[in-house]
Amino acid sequence: MKKIWNYIWTWVSNLFNNKKRSAHKSNREVDIEKSVQVIPEYTFKRVDDEPELIEKNVIYIVGQKGFEWVLIMECPCGCKDQIMLNTLKDAKPSWRYSCYKNGAITIAPSVHRKVKCKSHYTITKGQLQWWGEWEDHELTI
Ligand SMILES: [Zn+2]
């Protein structure tokens, strides 16, 4: 019984934290207008295992330090698909990434989905840029 309550409590407090986080984000957006400093649209988080919950605008670097093997993010087009990008050089295709002190991340080369939404984009220093098939995405970003 105690376990169930713990579970419910965690779930409720997660809900609360998510709300707090999004409120914080809108404050950040106001800051962008006021300040010259660029705040990254996409930031990275290092995690040991694949995260159960994928936050928007977060790119998860998965693996033990020094043995990172995949990047996980939600597709920026809004289709909610999970995008997994292999970072192991031996397997193809493979992506490189750079992390910055302000939390921003660069991914190279571009991500071009051959299935479903067919999104084609790059993330450079935390900034998302769409490439090609622009009309398909205009309404969803
Ligand atoms: Zn998509």
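Here are some friendly questions and answers about the zinc site and the nonpolar cores of this predicted model.

Residues are numbered from 1 along each chain as its sequence is written. Local features need pLDDT of at least 70 and side-chain atom pairs 80 or more, while totals for chains, interfaces and linings use all residues, and side-chain values use heavy atoms, without hydrogens and water.

Me: Which protein donors does the zinc ion have?
Reply: Donors are N, O and S atoms within 2.8 Å of the metal (3.2 Å for Na, K and Ca), and water is not among the atoms, so sites may look incomplete. Here the protein donors lie 2.3 Å from the zinc ion, through SG atoms of Cys75, Cys77, Cys79 and Cys117.

Me: How many residues apart are Cys77 and Cys117?
Reply: Along the chain, the donors follow the spacing C-x1-C-x1-C-x37-C. Cys77 sits in the loop between strand 3 and strand 4, and Cys117 in the loop between strand 6 and strand 7 (strands are DSSP runs of E, at least two residues, numbered from the N terminus). This pair links distant parts of the chain, 40 residues apart.

Me: Are Cys77 and Cys117 buried or exposed?
Reply: Buried means under 20% relative accessible area and exposed over 50%, with partly exposed in between (1.4 Å probe, protein chains only). By that rule, Cys77 and Cys117 are both buried.

Me: Which strand supplies the largest share of the largest nonpolar core?
Reply: A nonpolar core is a set of buried Ala, Val, Leu, Ile, Met, Phe, Trp, Tyr and Cys residues joined through side-chain atoms within 4.5 Å. The largest one has 18 residues. Its largest share, three residues, comes from strand 6.

Key. Helices (H or I, at least four residues) and strands (E, at least two) are DSSP runs, numbered from the N terminus.
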